[in-house]
Amino acid sequence: MAVEKPGSFQVPRLLRALVRVDEVWLALLAAGIGICAGCGVAIMDAISIQMHTALFVLPPGKGLSESPSLDPRRAIAAPVLGGLLLGLFMWVLARLRPKPAIDPIEANALYGGRMSLLDSIIVAAQTVWSNGVGASVGMEAGYAQIGSGIASWLGRNFRLRRNDLRTMVGCGAAAAIGGAFNAPLCGAFYGIELVIGLYSIATLPFVVIASLAGTLTVQILGFASPPLNVALPANVPNDVYVIIVLEGVASGMAGILIMRGVTTIEAVFRRSGIPGWLRPMLGGVVVGLLGCITPKAMSSGHSALRAYIGVGFPFITVAGLFLAKAVASAFSIGSGFRGGLFFASLFLGMLFGKVFAGVVGVLPFLNHMPSDLYAVVGMSGLATAIVGGPMTMTCLALELTQNFAVTMAVLAAAIAATITVRRLFGYSFATWRFHLRGEQIRSPVDVGWVQTLTVGRMMRPVTATARPETSLAAFRQEVPLGAVQRVVVVGGDGKYAGIVYPAEAATMLGQDRKVADILHLQNEFLLPGMNVKEALSRFEAAEADALAVLDGPETRQVLGILTEQYALRRYNEELDRRHREVAGA
């Protein structure tokens with residue numbers, strides 16, 4: 001876990017004590033985190049805009065993805081050379097800091113909110129660079145990383161409790177996303193749904209305060225995004241909700257295909273034997289070629305979303321744009337460019353909504369609605385499918401459109417997309433990538449304590465041992481019935497041989513019978529590094545109520561013994577304690 005110490009900065013002890021015991025001071029800390037996160041968002045935006053303007057020769061105030069056309073030489077050269085430089089930097093970085101950076105979801109799920117500020121700055125810089133050279137990635141990964149990294153660093157310097165530190169990490173992410181979209185409610189729900197993982201009255205005020213502070217900071221610095229310019233109906237008829245739900249289901253399926261596409265491209269690059277430092281450059285070739293066809297395939301698509309959400313396109317054109325953007329995003333992330341799919345999924349969802357509107361428009365006996373409604377619904381539905389957080393996307397649609405009439409429609413589609421993805425896929429994009437790395441994280445809910453509750457901490461010393469060559473008659477004399485429930489058997493070389501039960505030995509007849517004849521669980525054992533859930537799974541698989549703990553499968557030296565009953569009791573005790581901490585936070 002790459003988490004450095006807080007550093008030389010020291011918070012006065014009195015101030016630390018006030019923050020730990022007084023919620024007012026904790027709220028002030030959340031506001032300070034929001035301001036810092038907002039400044040980080042503004043700095044990242046400024047750098048990205050300057051890079052786009054310089055590399056692609058854009059008019060002032062013009063976004064890359066909204067440009068009608070680009071110089072083909074620049075469209076190809078920027079992502080290709082930018083990808084090469086990024087790949088070389090990541091190659092060097094992997095040797096200097098071999099452990100991957102911890103993102104906010106992983107930090108809250110496994111490490112109690114502890115994450116590295118230096119790693120967060122590096123991730124933010126990589127994200128800005130990737131977006132700046134035209135790769136089809138969103139900036140939200142960098143925004144949330146820098147906001148949460150600052151929050152974690154400050155929280156550790158204030159010596160916050162584990163639960164409070166996790167809350168502050170959510171505050172940092174909420175402030176960053178709220179500022180990025182000029183949508184404080186969206187930012188607050190992003191922090192709660194995607195980074196903290198639990199709705200709680202105790203944590204909600206701090207997250208809202210941070211999100212408001214971050215949003216206001218970005219506004220003051222002049223980087224606030226304007227609302228979407230889109231014409232929406234004054235109300236949505238009841239019979240249209242069936243179509244809206246179907247669009248949500250379709251958005252969920254499209255989101256699954258996009259996530260699968262990203263991981264498939266990653267797997268192809270990995271199996272190809274192409275050096276890791278060269279892959280972003282090859283991904284840049286694909287992005288650059290698509291950028292020559294349409295600049296809408298480049299960058300995050302944020303400016304294109306605002307410019308074209310209210311514009312009508314022929315069906316073939318919008319379907320082609322959707323395919324181009326999806327391919328560019330998949331190759332950008334799959335080849336190693338740093339960034340996320342949040343921003344890109346919004347633009348993809350808008351395009352998908354227009355495609356859906358084109359299909360629905362030719363069907364008879366339907367109450368036809370404007371394509372802009374389906375575009376907004378698709379934007380929220382596809383983003384929910386990929387990123388997760390139905391309330392996050394519903395609030396985002398509300399704040400971007402400033403139209404309450406479509407809120408229920410957006411919420412219905414977001415929920416339909418969420419259920420579809422959970423039923424058919426089971427992961428959001430972030431948790432799916434954790435799964436591919438071997439981490440069993442499905443949400444930011446704190447499961448780090450499970451990792452620390454290990455077999456090594458729970459095991460007890462072995463009180464009785466025997467040798468496999470000992471006769472049962474001698475064994476019955478050495479271990480009287482009722483003295484112990486089980487005996488660990490070790491060979492002459494000290495290696496584990498199995499477990500025997502004195503009750504079984506008492507009923508076994510025969511003069512020549514030995515302990516070796518009634519051995520059980522010879523190949524079923526625990527290792528000290530296993531966590532409590534792994535241990536309980538091993539108990540269930542072995543159908544045993546106790547297992548020996550060995551130092552390793554080869555050496556097989558006995559370290560102790562653990563019963564299923566004790567492991568379950570310790571697990572339930574820790575689970576109850578965590579629930580009480582959350583309830584009393």
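Here is a short conversation about a predicted model.

Visitor: Glad to be here! How many helices and strands does the chain have?
Guide: Welcome! The chain has 585 residues, and its C-alpha trace spans about 95 × 60 × 55 Å along the principal axes. Its secondary structure comes to 24 helices and five strands.

Visitor: What percentage of the residues count as buried?
Guide: A residue counts as buried when its relative accessible area is under 20%. The chain exposes about 25,000 Å², with carbon and sulfur atoms supplying 63% of that area. Of the 585 residues, the buried share is 55%.

Visitor: What share of the contacts with a separation of 6 or more is between residues 24 or more positions apart?
Guide: A contact here means heavy atoms within 4.5 Å. Taking the contacts in the chain with a separation of 6 or more, the share from residues 24 or more positions apart is 76%.

Visitor: Which strands stand at the edges of the three-stranded open sheet?
Guide: This sheet has mixed pairing and the order β1-β2-β3. An edge strand has a single partner, so one of its sides is left without a neighbour in the sheet. That description fits β1 (465-466) and β3 (496-500).

Visitor: Which residue of β3 does Val487 stand opposite?
Guide: Strand β2 covers residues 487-490 and runs antiparallel to β3, with four bridges joining the two. Across from Val487, in β3, stands Val500.

Visitor: Strand β4 next: how many of its residues are buried, and which residue of β5 is opposite Val549?
Guide: β4 takes in residues 546-550 and is mostly covered, with five of its five residues buried. It pairs with β5 (residues 558-563) in the antiparallel sense over five bridges. Opposite Val549, in β5, is Gly560.

Visitor: Which helix gives the largest share of the nonpolar surface patch?
Guide: The patch measures about 670 Å² and is made by Leu85, Leu88, Trp91, Val92, Leu96, Trp129 and Trp277. Five of these residues come from one helix, spanning residues 72-96. That helix is α3.

Visitor: Where is Trp277 found, and is it buried, partly exposed or exposed?
Guide: Trp277 is one of the residues that make the nonpolar patch, and its place is the loop between α10 (241-272) and α11 (279-293). Buried means under 20% relative accessible area and exposed means over 50%, with partly exposed in between. Trp277 has a relative accessible area of 31%, so it is partly exposed.

Methods
Residues are numbered from 1 along each chain as its sequence is written. This is a predicted model: local features need pLDDT of at least 70, side-chain atom pairs count only at pLDDT 80 or more; totals for chains, interfaces and linings use all residues. Side-chain values use heavy atoms; hydrogens and water are left out. Two strands pair if DSSP finds at least two bridges between them. Patches are made of residues with over 30% relative accessible area and no salt bridge: like charges are joined within 9 Å, nonpolar side chains (Val, Leu, Ile, Met, Phe, Trp, Tyr) within 5 Å. Accessible areas come from the Shrake-Rupley method with a 1.4 Å probe; for residues, only the protein chains shown count as cover. A salt bridge is a side-chain nitrogen of Lys or Arg within 4 Å of a carboxyl oxygen of Asp or Glu. Buried means under 20% relative accessible area, exposed over 50%, partly exposed in between (1.4 Å probe, protein chains only).
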